[in-house]
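Visitor: I would like to learn how to read a structural model feature by feature, with the general idea stated before each case. Could we begin with charged side chains and how to judge their surroundings?

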Amino acid sequence: MFDVEKIRKDFPILEETVYGKPLVYLDNGATSQRPRQVVEKMNEYYFRYNANVHRGVHYLSNRCTDANEEARETVRQFIGAASEREVIFTRGTTESINLVAYSFGEAFIGAGDEIVVTEMEHHANIVPWQMLCKRKGAVLKVIPFHDNGELATEQLDELLTERVKLVGVAYVSNVLGTVNPVRDIIRRAHAVGAKVLVDGAQAVQHLPIDVQELDCDFFVFSGHKLYGPTGVGVLYGKEALLEQMPPWQGGGEMIKTVRFEKTTYNELPFKFEAGTPDFIGVVGLGEAIRYVDSIGLENIAAYEHDLLHYAMERMREVPGMRFFGEAGDKSSVISFALGDIHHSDTGVLLDKLGIAVRTGQLCAEPTMQHYGVTGMVRASLGMYNTRNEIDALHDGLMKVTEMFGIR
Ligand code: 7TS
């Protein structure tokens, strides 16, 4: 049974007040909060077991190493990967995508090749590909989206030619909340021989993932949006593909032997993990996944779906409300504008009421350009948000519209 009040008790920050008002945290798309279990597990490792991983003979080092490899197995199960060799720890989604852009790009992208992304991508899934295109003389193409926030998949046949080597697509848009039809995109990309990277940064905390069932070639996400720590994330890649890709950073850990004449590289996944990792962050990520699993992503998805619909209904009552993103399949991200009130005015006024939302370009300038706006206000919901908090948002928005004379 999904018990939101019980879940809230695991997140001490939700009991905080700001400006004397109860905190209403609706900025989960930027980063979620962490439950006690995650922070306590990390404290335990800092206080009792801290030692560098994969290189010690002593007890503490072995203990941390084992905990890291256990976390890798936890991630493997969480995303349904075939092997732990396919799970690479990184600093987050951004680093995971840069790793692929560099390493896959080095091995497989040449002049005249094409890379396809969507118009609704976060900058992290645009800029690394632009940099790659510049290095290699490749071309970046874009799948547009319709005003309702759904991808223009009818243009896929035209865009997906034999020249396309890689497609990068967000599973869930961080602005529009659209759950993209990634299975269909992957199938069609594979038909022309292209690989597909799925950006799961806004997906893993909302829907169950099975990378083998999706058949994606790469899948990336961050710990900190999944109720885990900052500074740690994951790159999943199909083993056969990762084997063919060169390392992207050199240093300790990623090598087998080093001679001045010739260095050989470590096996997967260590080939892509140069230097000391955030090994206690990795332990925290494993704990966050255990926490989410204990509640169950199906239960979380059902609860958030209900909350999303309640929120959209309540917000529709607010004069001047304009939603951005009303796709049929939508996650709990609500971006909007109120009449012609500037997004940062709305954000600042809500803040004074204790309500945390994000405003601005949301790291997705092309999405802003699509609608011809300089920014939006975004409320992004997590599993611990409640109908009461949605009511507080509704009342706050009513106050904002009153102040600006919108009726
Ligand atoms: N991809 C998507 C879809 C994202 O939403 C984000 C972060 C990233 C990539 C980058 O993740 P990072 O952990 O490497 O920074 N999105 C947001 C956001 O919507 N507001 O703040 C960060």
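Guide: In this predicted model, Arg314 has a relative accessible area of 17% and is therefore buried, since the cut-off for that class is under 20%. Glu317, at 45% relative accessibility, is partly exposed, and the side chains of Glu317 and Arg314 meet in a salt bridge with an N to O distance of 3.0 Å.

Visitor: What is the general idea behind such a pair, and how many salt bridges does a search of the whole structure find?

Guide: Side chains of opposite charge can pair when their charged atoms come close. Here the search of the whole structure gives 24 salt bridges. Some share partners, and in this way Asp157, Asp184, Arg187 and Arg188 are joined into one network. Within helix H7 (residues 182-191), Asp184 and Arg188 lie 4 residues apart, about one turn of the helix, and the closest N and O atoms of their salt bridge are 3.2 Å apart.

Visitor: Which parts of the chain does the salt bridge between Lys141 and Glu114 link, and are the two residues buried or exposed?

Guide: The side chains of Lys141 and Glu114 meet at 3.0 Å, N to O, and the pair links distant parts of the chain, with Lys141 in strand E6 (residues 139-143) and Glu114 in strand E5 (residues 114-118), 27 residues apart. Glu114 counts as buried because its relative accessibility is 4%, whereas Lys141, with a relative accessible area of 29%, is partly exposed.

Visitor: How should I read a single residue in a loop, for example Ser83?

Guide: One can begin with the place in the chain, then turn to accessibility and contacts. Ser83 sits in the loop between helix H3 (59-79) and strand E4 (87-90), and with a relative accessible area of 11% it is buried. The side chain of Ser83 reaches the backbone nitrogen of Arg85 at 2.9 Å, and, leaving aside residues up to four places away in sequence, Ser83 touches Arg76 and Glu239.

Visitor: Turning to the nonpolar interior, which residues have the most contacts inside the largest nonpolar core?

Guide: A core is read as a set of buried nonpolar residues joined through their side chains. The largest one in this structure has 96 residues, and those with the most contacts inside it are Tyr171, Ile209, Phe219 and Met383. Helix H11 (residues 297-316) contributes the largest share of this core, 9 residues. Apart from it lies another core, of 24 residues, which includes Ala101, Ile115, Leu197 and Leu241.

Visitor: What does Met383 touch?

Guide: Not counting residues up to four places away in sequence, the contacts of Met383 include Phe2, Val4, Ile7 and Phe11, and among the others are Tyr227, Tyr291, Ile300 and Tyr303.

Visitor: Finally, how many residues surround the ligand, and which are the closest?

Guide: A ligand site can be read from its surrounding residues, then from individual polar atoms. The ligand is surrounded by 15 residues, of which the closest are Thr94, Asp199, Gln202, Arg358 and Arg378. An N or O atom in the side chain of Asp199 is 2.5 Å from a nitrogen atom of the ligand, and a polar side-chain atom of Gln202 lies 2.7 Å from a ligand oxygen atom. For Lys225, an N or O atom in the side chain is 2.9 Å from a nitrogen atom of the ligand. Taken alone, the ligand exposes 490 Å², and the protein buries 87% of that.

Notes
Residues numbered from 1 in each chain as written. Predicted model: local features only at pLDDT ≥ 70, side-chain atom pairs only at ≥ 80, totals over all residues. Heavy atoms only, no water. Core = buried A, V, L, I, M, F, W, Y, C linked by side-chain atoms within 4.5 Å. Buried < 20%, exposed > 50% of the residue type's maximum accessible area, 1.4 Å probe, protein only. Helix = DSSP H or I, 4+ residues; strand = E, 2+ residues; numbered from the N terminus. Contact = heavy atoms within 4.5 Å. Salt bridge = Lys/Arg side-chain N within 4 Å of Asp/Glu carboxyl O. Near = heavy atom within 4 Å. Polar contact = N/O pair within 3.5 Å; in protein donor to acceptor, adjacent residues only side chain to side chain. Areas by Shrake-Rupley, 256 points an atom, 1.4 Å probe, with all protein chains shown as cover.
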